[in-house]
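Please open the model in your viewer with residue selection and side chains at hand. The stops below follow one another as a series of selections, each with a note on what is there.

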Amino acid sequence: MGDSLYDDPSYYRLLFDERSHDLPFYEQLAKECSGAILELGVGTGRVAIALARSGHSIVGVDTSEEMLAVLAQQLRAESSQLRARVATTCADARTIDLGRRFPLVLFPFNGLAHQRQQLALEQLLANVIRHLEPDGYFAFDVTVPDPALLKGATSTAPWFRHPRTGDVCRCDETASYDPATRVLTCTATIRWMEVERQPQTLRWQLRQFQTEETVSLLEAAGFDVVGRDDTLQDAVGYVCRPRKR
């Protein structure tokens, strides 16, 4: 089952574009960085554009061509100087080889949770190390598991206009959790209220991480955790660096 949410960036942006409480965490790290920043899971550019506006150069990687197309569209509305600071490529963060190293690698907004299997997590973290300078930092945040969602919560948005079509619709969201795989599956079913059209179904699946598991995962991959931020509301931010051999 794929993450079809990312096939419709308009709905993704409706859900998450206003998210900003994580930006100070990444902006402070960027201030301490000298050189281009690698952002994995750059998506529609919420974090990348904010950092570029502060003068930082960003290399963004994402597997979704649809999300990157929205980022390109947003960049067209920015200055030529800012556009020159953001480069993107459509690729898998586990296997991409950019042929260079960075002083700072970011994986914002629960990006690690999309690596749902242990092998994928190990491949991702190994590739981060390959792209880090010897004294570089890897920073990311993971969402704190929500007990209500793990129990199978449901919610309804009874009336809104679809961000892509403008049509009136409603949305029912459901969540189901598989404790064996530690994967939470969220499904949004959008039903059109004024037009005859098949419902739109969007899904996304996220590996759930407890704090102890996250730290153990990083240590096993060869990282030392050197910073942690518990002020990101629904998430915990981590700063780590490759362990000296």
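Select G55 to begin: in this predicted model, that glycine sits just after helix 3 and takes a positive phi of about 100°.

From there, step back along the chain to helix 3 itself and show its side chains, where R46, V47, A48, I49, A50, L51 and A52 are buried. Seven of the eight residues of helix 3 are thus buried, and the helix is therefore largely enclosed by the rest of the structure.

Next, select residues 65-76, which form helix 4, a run of twelve residues whose first and last C-alpha atoms lie 17 Å apart, close to the 16 Å expected at 1.5 Å a residue. Which residues of helix 4 are buried? Colouring M67, L68, V70, L71 and L75 will mark them. If you now look down the axis of helix 4, these buried residues fall within an arc of 155°, so they line one face of the helix. The general geometry is helpful here: an α-helix has 3.6 residues a turn, so residues three or four places apart point the same way. Turn to the face of helix 4 directed away from the buried side, and you will find the exposed residues E65 and R76.

Keep the buried residues of helix 4 displayed and add what they pack against, namely helix 1 (9-16), helix 3 (46-53), strand 2 (58-62), helix 5 (80-83) and strand 3 (86-90). Helix 3, the enclosed helix visited above, is therefore one of the partners of this buried side.

Among these partners, isolate helix 1 together with helix 4: their axes come within 9 Å and cross at roughly 70°, and the two helices are therefore roughly perpendicular to each other. To see the contact in detail, select P9, Y12 and R13 on the helix 1 side, which meet E66, M67, V70 and Q74 on the helix 4 side. By residue class, this contact divides into four nonpolar, one polar and two charged residues.

For the last stop, move to L149, which is found in helix 7 (residues 147-150). Is L149 buried, exposed or partly exposed? Its relative accessibility is 29%, and because buried means under 20% and exposed over 50%, L149 counts as partly exposed. Leaving aside neighbours within four places in sequence, L149 is in contact with A175 and L184. Finally, draw a distance from the C-alpha atom of L149 to that of V215, which lies 66 residues away along the chain, and the separation is 23 Å.

How values were computed: Residues are numbered from 1 along each chain as its sequence is written. This is a predicted model: local features need pLDDT of at least 70, side-chain atom pairs count only at pLDDT 80 or more; totals for chains, interfaces and linings use all residues. Side-chain values use heavy atoms; hydrogens and water are left out. Helices (H or I, at least four residues) and strands (E, at least two) are DSSP runs, numbered from the N terminus. The expected span of a helix is 1.5 Å times one less than its number of residues. Buried means under 20% relative accessible area, exposed over 50%, partly exposed in between (1.4 Å probe, protein chains only). The arc is that of the directions from the helix axis to the C-beta atoms. Contact means heavy atoms within 4.5 Å. Axes are lines fitted to C-alpha atoms, for helices over the stretch in contact, and angles run from 0 to 180 degrees between N-to-C directions. Angles under 35 degrees count as roughly parallel, over 145 as roughly antiparallel, 65 to 115 as roughly perpendicular and the rest as oblique. Ala, Val, Leu, Ile, Met, Phe, Trp, Tyr, Cys and Pro count as nonpolar, Asp, Glu, Lys and Arg as charged, and the others, Gly among them, as polar.
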